[in-house]
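Q: I am new to this structure and would like a close look at one part of it. Please take the region around two neighbouring strands and the loop that joins them.

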Amino acid sequence: AGGGTNNLLGISATNYFLNYPSSIVLNNDENLLFICEKNNHRILVMNLTSSIIRLVAGSNASLSGDSN
């Protein structure tokens with residue numbers, strides 16, 4: 001998605017660049033999308049209602065999500 005940031009406590013999906021997403025999973029209620037970000041070694045969750053992305057597991061290093 002969009003412009004990059006250094007905080008994954010709850011940011012808009014339009015302000016975050018995914019870094020090689022390798023897998024996605026939709027929850028049973030179809031309102032949460034879990035994203036495995038291969039190069040950043042982390043799992044993100046995006047609320048599809050609010051379009052907010054949060055860090056679920058993995059590295060906190062280089063939280064901009066930009067490819068290096």
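Before that, what percentage of the residues in the protein chain is buried? And what is found in and around strands E3 and E4?

A: Buried residues account for 26% of the 68 residues in the protein chain. The model is a predicted one. The chain has five strands and zero helices, so its elements read β-β-β-β-β from the N terminus on, with strands as defined by DSSP runs. About 4,200 Å² of the chain is exposed, and carbon and sulfur atoms supply 53% of that area. Of the contacts between residues at least 6 apart in sequence, 30% join residues at least 24 apart.

The part to look at begins with strand E3, residues 32–37, and strand E4, residues 42–47. Each of these strands supplies at least two residues of the largest nonpolar core. That core has eight residues: Ile11, Ala13, Tyr16, Leu33, Ile35, Leu44, Met46 and Ile53. In soluble globular proteins, nonpolar side chains tend to be buried together.

Met46, a member of this core, has a set of contacts beyond its neighbours within four places in sequence. Among them are Ala13, Leu33, Ile35 and Ile53, which are also listed in the core. Methionine 46 is in contact with Asn31, Leu32, Ser51 and Ile52 as well.

Strand E3 also has a pairing with strand E2, residues 21–26. The two run antiparallel and are linked over five bridges. In one of the pairs, isoleucine 24 has isoleucine 35 of E3 as its bridge partner. E2 and E3 form a hairpin with five residues between them. In the turn, glutamate 30 has a positive phi of about 60°.

On the other side of E3 in sequence, the loop between E3 and E4 holds asparagine 40. Its relative accessible area is 9%, so asparagine 40 counts as buried, the cut-off being under 20%. The side chain of asparagine 40 makes a polar contact of 3.2 Å with the side chain of asparagine 19.

Isoleucine 43 lies in strand E4. Because its relative accessibility is 36%, isoleucine 43 is classed as partly exposed. Leaving out residues up to four places away in sequence, isoleucine 43 touches Phe34, Ile35, Arg54, Leu55, Val56 and Ala57. Proline 21 is 22 residues from isoleucine 43 along the chain, and their C-alpha atoms are 9.4 Å apart.

Technical notes. Residues numbered from 1 in each chain as written. Predicted model: local features only at pLDDT ≥ 70, side-chain atom pairs only at ≥ 80, totals over all residues. Heavy atoms only, no water. Helix = DSSP H or I, 4+ residues; strand = E, 2+ residues; numbered from the N terminus. Buried < 20%, exposed > 50% of the residue type's maximum accessible area, 1.4 Å probe, protein only. Contact = heavy atoms within 4.5 Å. Areas by Shrake-Rupley, 256 points an atom, 1.4 Å probe, with all protein chains shown as cover. Core = buried A, V, L, I, M, F, W, Y, C linked by side-chain atoms within 4.5 Å. Polar contact = N/O pair within 3.5 Å; in protein donor to acceptor, adjacent residues only side chain to side chain. Pairing = 2+ DSSP bridges.
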